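Notebook open, structure loaded. I wanted to look at one strand residue first, then at the sheet pairing and the core.

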Amino acid sequence: MPLSMVNTGGATIIRKISGKEETRKFLENLGFVAGGTVTVVSKTEGNMIVNVKNARIAIGKDMANKIMVE
């Protein structure tokens, strides 16, 4: 399922990053890599703040939909 469907406080494992090559590279540079853990800190109108590799990152719903998790 996409990261955008994970509830607040939910920790999950990243399985796949989809999208164009430049989008995948951008997300990888932020720390979103397959096998990594991501925790949803908060959700507001589809936008999310997530904790990945001990850093909080804000992403939009479009980006969250490209990150597939368990």
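I looked up Ile17 first and found it in strand S1 (strands are DSSP runs of E, at least two residues, numbered from the N terminus). This is a predicted model, where local features need pLDDT of at least 70, side-chain atom pairs count only at pLDDT 80 or more, and totals for chains, interfaces and linings use all residues. Residues are numbered from 1 along each chain as its sequence is written, and side-chain values use heavy atoms, with hydrogens and water left out.

Buried or exposed? Ile17 counts as buried because its relative accessibility is 12%; the cut-off for buried is under 20% relative accessible area, with a 1.4 Å probe and protein chains only.

Next I listed contacts, meaning heavy atoms within 4.5 Å. Leaving out residues up to four places away in sequence, Ile17 touches Arg24, Leu27, Phe32, Lys66 and Ile67. With the same exclusion, the list for Ile67 includes Met1, Leu3, Ile14, Ile17 and Ile59.

Then the pairing, which takes at least two DSSP bridges between two strands. S1 and S2 are antiparallel over three bridges, and Ala11 has Thr39 as its partner in S2. Thr39 in turn partners Asn51 in S3. S2 and S3 also run antiparallel, joined by six bridges. I noted their hairpin has two residues between the strands, with Glu45 in the turn at a positive phi of about 50°.

Last, the largest nonpolar core (buried Ala, Val, Leu, Ile, Met, Phe, Trp, Tyr and Cys joined through side-chain atoms within 4.5 Å). It has 16 residues, and Leu3, Phe32, Val38, Val50, Ile59 and Ile67 touch the most other members. S3 gives the most, three residues.

Definitions and conventions:
Buried < 20%, exposed > 50% of the residue type's maximum accessible area, 1.4 Å probe, protein only. Helix = DSSP H or I, 4+ residues; strand = E, 2+ residues; numbered from the N terminus.
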